[in-house]
Amino acid sequence: MGMRIDAHQHFWVRERGDYDWISPEMKPIYRDFLPEDLLPELERNGFDKSIVVQAAPTVRDTEFMLELSERTDRIAGVVGWLDLQSPGYKKDYERFRKHRAFVGIRLMIQEMPDAREALQPAIVEALRFLASEDLPVDLLMRSHQLPETLELLKAIPGLRGVIDHIAKPDIAHDQWEPWRTQMEEIASQGNIYCKLSGMVTEADPQRLEPDVFARYVRHIASVFGTERIMFGSDWPVCLLAAGYDEVVRIVEETLPEVSDPAVRANIFGLNAARFYKLEHLL
């Protein structure tokens with residue numbers, strides 16, 4: 001039923017020095033993670049390949065991931081980073097786009113002290129250019145930044161975008177509104193997808209039963225439809241709360257349509273291949 005692709009995971013080597021967010025207190029992930037570490041997880045859960053996503057807001061991190069992709073055919077694509085506020089971003093983009101593994105970039109709204117920073121003219125203009133190139137763009141934000149994200153998407157209606165981690169609602173405290181309504185509004189933008197990823201780290205680590213996540217997953221499936229959602233493990237960040245197998249199980253057990261093999265194939269691989277324009281994997 002098609003290739004199984006984990007649509008969202010990371011690699012890092014700490015001594016590279018640009019992962020300021022990884023602290024010693026984060027013991028499960030305070031070490032290096034490379035393709036050979038992910039391979040057993042992929043194989044045990046029946047995944048063929050993965051999309052590796054930037055873990056640092058640097059061009060060097062993107063170069064690092066592209067180098068890794070040359071060592072293994074398990075990397076289906078690399079989602080990198082560009083400094084959209086720098087006039088030089090196009091030069092980096094032109095360089096990256098020549099690499100067969102480069103499939104997109106990520107905009108880190110989450111890291112902005114004020115989410116309105118994402119609406120600065122330089123960023124909007126850069127995203128309009130990338131939309132004209134039909135380049136996939138991952139959007140990382142927390143749920144309270146959804147209003148600005150929606151404003152941004154409306155300003156760039158042609159953007160091929162995907163919301164990472166279902167926009168990080170506060171699952172631990174059962175946050176529902178306004179997240180529910182805002183995600184429905186974002187889903188009405190027909191070229192925006194959503195990743196069923198990053199949920200376990202937003203939940204209470206003592207409450208990881210599938211029932212805790214069911215209404216979130218089912219709402220996303222309802223408003224985006226099963227053609228515009230994709231599974232992502234968020235490994236190794238997920239290890240702060242749950243193992244790879246558990247993350248897979250939670251999504252499998254909470255999706256209402258997961259018993260349909262064609263729908264399962266889309267969510268666990270083919271939608272990611274379509275979104276990231278990996279036609280050779282379809």
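**Exercise 1. The sheet**

How many strands form the open sheet, and in which order do they stand?

*Solution.* The model to be read here is a predicted one. Step one is to follow the strands across the sheet: 8 strands take part, in the order β1-β2-β3-β4-β5-β6-β7-β8, and their pairing is parallel. Step two is to look at the edges, where β1 (5–9) and β8 (229–231) each have a single partner strand, so one side of each is left without a neighbour in the sheet. Step three concerns the twist, which averages 25° from one strand to the next. Step four adds a helix, since α8 (residues 244–254) packs on the sheet and touches β1, β7 and β8, with its direction at about 150° to that of β8.

**Exercise 2. Two strand pairs and the faces of β5**

Find which residue of β2 is the bridge partner of Gln9, and then work out which residues of β5 point one way and which the other way.

*Solution.* Begin at the edge strand β1, which pairs with β2 (residues 49–53) in the parallel sense over 3 bridges; in this pair, Gln9 has Val52 as its bridge partner. Move on to β4 and β5, which pair in the parallel sense over 4 bridges, and where Arg106 has Asp138 of β5 as its bridge partner. In a regular strand, side chains alternate between the two faces of the sheet. In β5, Val137 and Leu139 point one way, Asp138 and Leu140 point the other way, and all are buried.

**Exercise 3. The surroundings of helix α5**

Determine which residues of α5 are buried and what covers them.

*Solution.* Along α5 (residues 146–155), the buried residues are Leu146, Glu148, Thr149, Leu150, Leu152 and Leu153. The elements that cover these residues include the strands β4 (102–108), β5 (137–140), β6 (161–163) and β7 (192–196), together with the helices α4 (121–132) and α6 (179–187).

**Exercise 4. Pockets and a cavity**

Describe the two largest pockets and the largest cavity by their volumes and linings.

*Solution.* The largest pocket has a volume of about 410 Å³, and among its 19 lining residues the closest to its centre are Trp21, Gln110, Glu111, Leu140 and Lys168. Its lining holds 8 nonpolar, 5 polar and 6 charged residues. The second largest pocket, with a volume of about 220 Å³, is lined by 13 residues, of which Trp81, Gln85, Leu107, Met108 and Met112 lie nearest its centre. The strand β4 gives the most to this second lining, with 3 residues. The largest cavity contains about 40 Å³ of space and is lined by Met199, Val200, Val247, Ile250 and Val251, a lining with 5 nonpolar, no polar and no charged residues.

**Exercise 5. The backbone in the loops**

Locate the cis peptide bonds that precede Pro178 and Pro236, and decide whether Ala167 is buried or exposed.

*Solution.* Start in the loop between β6 and α6, where Pro178 lies; a cis peptide bond with omega of about 5° joins Glu177 to Pro178. The other bond, between Trp235 and Pro236, is also cis, with omega of about 0°, and Pro236 is placed in the loop between β8 and α8. Return to the loop between β6 and α6 for Ala167, whose phi is near 70°, a positive value in a residue other than glycine. Because buried means under 20% relative accessible area, Ala167, at 0%, is buried. Asp174 is found in the loop between β6 and α6 and has a positive phi near 60°, while its relative accessibility of 41% counts as partly exposed.

Note on methods. Residues numbered from 1 in each chain as written. Predicted model: local features only at pLDDT ≥ 70, side-chain atom pairs only at ≥ 80, totals over all residues. Heavy atoms only, no water. Buried < 20%, exposed > 50% of the residue type's maximum accessible area, 1.4 Å probe, protein only. Contact = heavy atoms within 4.5 Å. 1 Å grid on protein atoms, 1.4 Å probe; cavity = no way out; pocket = protein on both sides within 12 Å on 5 of 7 lines; lining within 4 Å. Points joined across faces, edges and corners; volume = space filled by probe spheres on them. Nonpolar A, V, L, I, M, F, W, Y, C, P; charged D, E, K, R; others polar. Pairing = 2+ DSSP bridges. Axes fitted to C-alpha atoms, helices over the stretch in contact; angles between N-to-C directions.
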